[in-house]
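Hello,

Here is the structure I promised to pass on to you. Please open it beside this message, and you can follow each point as you read.

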Amino acid sequence: MATALGAAGDASGDGSPSLVETGSQDIGAGPGPRVPVTIAVKGDPTADWTEAQRAVTGVLRNRPRGTTTPQIAAVAGLSERHVQRTLRDLAGHGFARFSEEKVPWGNNLLEVQLWRLDLTEQCVRALAFLPRLPGPSDSTCPQRIPPEFWPMFWSGTRGSDIELPRDSLQVACSLLDCPDRAAQVWALQHLPIETLKLCRTMRGYDQGEIATALDAAISERRQARSG
């Protein structure tokens, strides 16, 4: 994944929020409201869109929980100033909206300025003509878990002290069982395939929705690795 300027805990691991460069810890990349897939509709409302409008909308589509201007710029390969102009234009036409929010980050709440799609009828219709951007192809296991998931580790080892891939089984068991859908998806996408395969053989992960999710993640990541 392209390096983005995002929010992360400080290097000391005490959970104090700061703005640093982060590769895998991307605000808003987790799941959120379902964003429509490409379908066949008459009359392309995006026919006169600029490449920047298409790129920025594509990034927002993959981050339904919202994301920051620096992160959009990094993923889209544009300057922050260009992204800011494009976001204002999209917002003016009812395709994007801005909000200031506090999000869990480490042991604190971090104030961030987020942009997300404004899923009006015209926006949904436009999305039907925009192909999806490919997801990250880097299958390397990160060394840390995102600070937003640290609160999931309230007993024993603190989230800030966890090292990957060393503690990957502990992380898998904690995140796959937690109620946070974003944490579950992160574990399925980023923990080593070998860890997911081991979980699949364990009681509690060998049937039902979690077994189906593990099978799908293992299969998809194997295909990406071989492709």
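Below is what I found, going from the overall layout to one helix and then to a pair of aromatic rings.

Please keep in mind that this is a predicted model. The protein has eight helices and four strands. Starting at the N terminus, the order of elements is β-β-α-α-α-β-β-α-α-α-α-α. Of the 227 residues, 43% are buried. If you take the contacts with a separation of 6 or more, 60% of them are between residues 24 or more positions apart. The exposed area of the protein is about 12300 Å², and 50% of it comes from carbon and sulfur atoms.

The helix I would look at is α3, which has 13 residues. From first C-alpha to last, α3 reaches 18 Å, close to the 18 Å expected at 1.5 Å a residue. Which residues of α3 are buried? They are Val83, Thr86, Leu87 and Leu90. Seen down the helix axis, these buried residues fall within an arc of 105 degrees, so they line one face of α3. The spacing makes sense if you recall that an α-helix has 3.6 residues a turn, so residues three or four places apart point the same way.

What do the buried residues of α3 pack against? Their partners are two helices, α1 and α2 (69-76), and two strands, β3 and β4 (108-117). On the face turned away from the buried side, you will find the exposed residues Arg81, Arg88 and Gly92. After α3 comes Gly94, which has a positive phi, near 85 degrees.

Now to the aromatic rings. A search of the whole structure gives three aromatic pairs, one of them formed by Trp49 and Phe95. A pair of this kind is described by the distance of the centres and the angle of the planes. For Trp49 and Phe95, the ring centres are 5.2 Å apart and the planes stand at 80 degrees; planes over 60 degrees apart count as edge-to-face, so that is what this pair is.

Where do the two residues sit? Trp49 is in the loop between β2 (17-22) and α1 (51-61), while Phe95 is in the loop between α3 (80-92) and β3 (96-105). The pair therefore ties together parts that are 46 residues apart in sequence. Are these two residues buried or exposed? Trp49 has a relative accessible area of 12% and is buried. Phe95 is buried as well, at 11% relative accessibility.

Happy browsing, and best wishes!

How values were computed. Residues numbered from 1 in each chain as written. Predicted model: local features only at pLDDT ≥ 70, side-chain atom pairs only at ≥ 80, totals over all residues. Heavy atoms only, no water. Phe/Tyr/Trp six-rings, centres within 6.5 Å; stacked < 30°, edge-to-face > 60°. Buried < 20%, exposed > 50% of the residue type's maximum accessible area, 1.4 Å probe, protein only. Expected span 1.5 Å × (residues − 1). Arc of directions from axis to C-beta. Contact = heavy atoms within 4.5 Å. Areas by Shrake-Rupley, 256 points an atom, 1.4 Å probe, with all protein chains shown as cover.
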